[in-house]
Amino acid sequence: MALIAYDSVDATAFAATRHLRDDGLATWRAAIGRYFEPRAGMRLLDLGCGTGSWARAFRAWWPDVDVVAVDPAPAMRRRGVFEPVVAGAADDIPLADTSVDGVWLSTVVHHLPDLGAAAREIRRVLKPDAPVLIRSAFAGRHEGISLFRWFPEAVAVLGRYPSIPDVEAAFAAVGFTTAGCEPVPQMTARSLAEVAAGLQREAHTPLQLISDEAYTAGVARLNRAARTHGGPVVDALDLLVMR
C-alpha cells in the first residue's frame, strides 16, 4: 500500500491539524475500554504513532501503563508531542517477543507496504489473547467522514485503502480472530468554519492524491458550506479489534 511517505512538510501539517482535542478523544477512550482493560504494569504499543498524540493521551489516561511509541518517519519523530518515540516499522518492531499487552494503530494500515508482514510482526510482540486495536478509514466506508462530502473525488483514493475484510484476512493468516468492529463518532472540530480555516492538504493522504482541480473545487465547496453550517463537526472512523 504505502500511499505516501511523510516528509517534513507533511509532518508539520499533520502536527498542526490532525490532533484531536480532549472532547474528540472521549468517545475513543470509551471504545478502547471495551476491548483493552488497563492495569498497572501493562505495556501498550502505539505503532506508527506519528507525532505521538495518541501515546500522550494513553499516558494521561493510564499513568500506570507503560506506553511505547514507535514510528518509521524521522520527520514525525522530530515533531513528537510524546517522549520517547522510537524508530521502527510495523514489519520491524524493536521489541522482544510476547512483550506487549496491546497494540494500537491509528490511521496507519493504508501506509503499510506489506500488511501480512505487519500482522506477523505484531503477532510476535503481542502476548496471547491481547488485542490489536485498529482505528482507520477503510475502503468502502466513507459515509461517516465529512471530508469526503467536500472532496468526493477522494472517495476513489479511499478505495485504494485496505478494506475491513482485507485486514481481517491478513491477521487471520497468523492466528488472529475478529473481536469487534464498530464506528466511533468523534468531534473533529467545533465548527465547519474551523475546519475550513485550518485545512492543510498535506495533512490528509486522500487530498494529496486527488488532482489540483478537484482539490480547488472541494475547498470552494467547504468554504461555501462553512458560511452557513452551525454546530460541531462529528465524524466516524472505525475501530477494528483483533485477538
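The dialogue below walks through a predicted model, from its sheet to its helices, loops and one pocket.

Biologist: Where should I begin with the sheet, and in what order do its strands lie?

Modeller: A sheet is read by strand order and pairing sense, and here seven strands form an open sheet in the order E3-E2-E1-E4-E5-E7-E6, with mixed pairing. Strand E3 (85-87) and strand E6 (178-189) stand at the edges, and because each has a single partner strand, one side of each is left without a neighbour in the sheet. On average, neighbouring strands of this sheet are turned by 25 degrees against each other, with direction ignored.

Biologist: Which strands run parallel, and over how many bridges are they joined?

Modeller: E1 and E2 run parallel and are joined by five bridges, and within that pair Leu44 stands opposite Val67 in E2. E4 and E5 also pair in the parallel sense, over four bridges, with Val103 standing opposite Val132 in E5. The antiparallel sense appears where strand E5 (residues 132-136) pairs with strand E7 (residues 233-242) over five bridges, and there the bridge partner of Ser136 is Asp238 in E7.

Biologist: How should I read the two faces of a strand such as E5, and which of its residues are buried on each side?

Modeller: In a regular strand the side chains alternate between the two faces of the sheet. For E5, Val132, Ile134 and Ser136 are buried on one side, while Leu133 and Arg135 are buried on the other, so both faces are covered. Counted by residue, five of the five residues of E5 are buried, and in E2 five of six are buried.

Biologist: Which helices lie on this sheet, and at what angle does H3 run to E2?

Modeller: Helix H3 (residues 53-61) lies across strand E1 (43-47), strand E2 (66-71), strand E4 (102-106) and E5, and runs at about 180 degrees to E2. Helix H8 (residues 164-172) also packs on the sheet, where it touches E5, E6 and E7, and its direction makes about 25 degrees with that of E7.

Biologist: Which residues of H3 are buried, and what do they pack against?

Modeller: Ser53, Trp54, Ala55, Ala57, Phe58 and Trp61 are the buried residues of H3, and they pack against helix H2 (22-33), E1, E2, E4 and E5.

Biologist: How many residues of H5 are buried, and what covers them?

Modeller: Helix H5 (residues 115-125) is mostly covered, with eight of its 11 residues buried; among them are Leu115, Gly116, Glu121, Ile122 and Val125. The cover over these buried residues includes E1, E4, E5 and H8.

Biologist: Turning to the loops, where is Thr51 found, and is Thr51 buried or exposed?

Modeller: Thr51 is found in the loop between E1 and H3, yet its relative accessible area is 0%, and therefore Thr51 counts as buried, the cut-off being under 20%. Thr51 and Gly80 are 29 residues apart in sequence, but their C-alpha atoms are 4.1 Å apart in space.

Biologist: Which backbone angles deserve a look, and what is phi of Thr98?

Modeller: Phi of Thr98 is near 40 degrees, a positive value in a residue other than glycine; Thr98 lies in the loop between E3 and E4 and is partly exposed, with a relative accessible area of 45%. Asp129, in the loop between H5 and E5, likewise has a positive phi, near 65 degrees, and at 56% relative accessibility Asp129 counts as exposed. The peptide bond from Glu83 to Pro84 is cis, with omega near -10 degrees, and Pro84 sits in the loop between helix H4 (74-78) and E3.

Biologist: What is the volume of the second largest pocket, and which residues line that pocket?

Modeller: A pocket can be described by its volume and its lining, and the second largest pocket has a volume of about 160 Å³. Its lining includes Tyr35, Phe36, Glu37, Arg39, Met42, Asp101, Lys127 and Arg243, together with Pro128, Asp129, Ala130 and Pro131. By class, that lining has six nonpolar, no polar and six charged residues. Asp129, the exposed residue with positive phi, is thus one of the lining residues of the second largest pocket.

Technical notes. Residues are numbered from 1 along each chain as its sequence is written. This is a predicted model: local features need pLDDT of at least 70, side-chain atom pairs count only at pLDDT 80 or more; totals for chains, interfaces and linings use all residues. Side-chain values use heavy atoms; hydrogens and water are left out. On a 1 Å grid over the protein atoms alone, a cavity is a set of points where a 1.4 Å probe fits but cannot get out, and a pocket is an open set with protein on both sides within 12 Å along at least five of seven lines; lining residues have an atom within 4 Å of a point. Grid points are joined across faces, edges and corners, and a volume is the space filled by probe spheres set on the points. Ala, Val, Leu, Ile, Met, Phe, Trp, Tyr, Cys and Pro count as nonpolar, Asp, Glu, Lys and Arg as charged, and the others, Gly among them, as polar. Two strands pair if DSSP finds at least two bridges between them. Axes are lines fitted to C-alpha atoms, for helices over the stretch in contact, and angles run from 0 to 180 degrees between N-to-C directions. Contact means heavy atoms within 4.5 Å. Buried means under 20% relative accessible area, exposed over 50%, partly exposed in between (1.4 Å probe, protein chains only).
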